[in-house]
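I opened the model today to look up its nonpolar cores, its cysteines and its backbone angles, and I kept these notes as I went.

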Amino acid sequence: MARVLVLFAHPRTDRSVANTALMAAARAIDGVTFADLYAEYPDFDIDIDREQQRLQETDILVFQHPVYWYSSPALLKEWQDLVFEHGFAYGSEGTALAGKSLLQVATCGTAREAYRKRGKYENELRTMFSPFEQTAKFCGMHYLAPFGVFSAEDAAEEKRLDGIVSDYSRLLTALRDGTLDLERAAAVPLLNDVLDEVITAEPAAV
């Protein structure tokens with residue numbers, strides 16, 4: 001089984017029904033480690049050694065967060081700035097992340113249609129997350145297409161939330177069990193569109 005670490009970054013979880021449900025789903029999966037960054041580091045005083053140790057014990061890293069100004073909340077950016085340091089994540093001797101995979105699970109306030117070239121934001125969600133993708137590639141990681149939760153605030157009322165949570169659980173379980181086709185999952189704009197196709201019956205060949 002692959003070792004999966006979910007880093008959750010949301011400064012106001014009490015205001016997010018969708019993230020609360022996704023958080024509970026991640027915590028319920030055996031073999032998946034869940035860490036709430038804002039709960040652990042409310043003063044942004046990040047324990048770099050501890051976080052690097054977590055990464056060394058991880059095969060697949062998941063960033064779960066809301067979309068704030070086309071990116072992530074501040075603490076997740078601070079975490080990257082400090083933890084992905086030279087000599088650890090990059091540089092001639094910084095190979096600790098090489099070969100690992102990175103997935104973003106993002107809750108969005110607007111509908112899927114907004115995240116299209118001709119939509120409100122004129123870009124796919126993956127395009128907006130290009131700094132994360134380039135960071136992953138620079139550190140030798142495999143960047144997977146993001147899993148987006150669109151119109152997240154309305155998901156429960158519109159009775160979509162249970163299905164979204166189920167898909168998220170399936171995705172984390174497939175990552176853990178090696179039944180997600182990582183190559184195909186990296187080649188699409190959005191994982192939501194192909195989830196049934198990229199989850200396989202048997203572990204992918206290594």
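My entries follow, beginning with the ground rules.

I am working from a predicted model, in which local features need pLDDT of at least 70 and side-chain atom pairs count only at pLDDT 80 or more, while totals for chains, interfaces and linings use all residues. Residues are numbered from 1 along each chain as its sequence is written, and side-chain values use heavy atoms, with hydrogens and water left out.

**Cores.** I looked up the largest nonpolar core (buried Ala, Val, Leu, Ile, Met, Phe, Trp, Tyr and Cys residues joined through side-chain atoms within 4.5 Å) and found 37 residues, with Val62, Tyr168, Leu172 and Leu175 having the most contacts inside it. Helix H7 (161-177) is among the elements that each supply at least two residues, and H7 gives the largest share, eight residues; helices (H or I, at least four residues) and strands (E, at least two) are DSSP runs, numbered from the N terminus. Apart from this core lies another, of 36 residues, including Leu55 and Phe132.

**Cysteines.** I searched the whole structure for disulfides (cysteine sulfur atoms within 2.5 Å) and found zero. Cys108 is buried at 1% relative accessibility and Cys139 is buried at 6%, where buried means under 20% relative accessible area, exposed over 50% and partly exposed in between (1.4 Å probe, protein chains only).

**Backbone.** Most residues other than glycine have a negative phi. Glu122, however, has a positive phi of about 60°; it sits in the loop between S4 and helix H5 (125-128) and is exposed at 54%. Lys159 also has a positive phi, near 60°, and it lies in the loop between S6 and H7, exposed at 75%.
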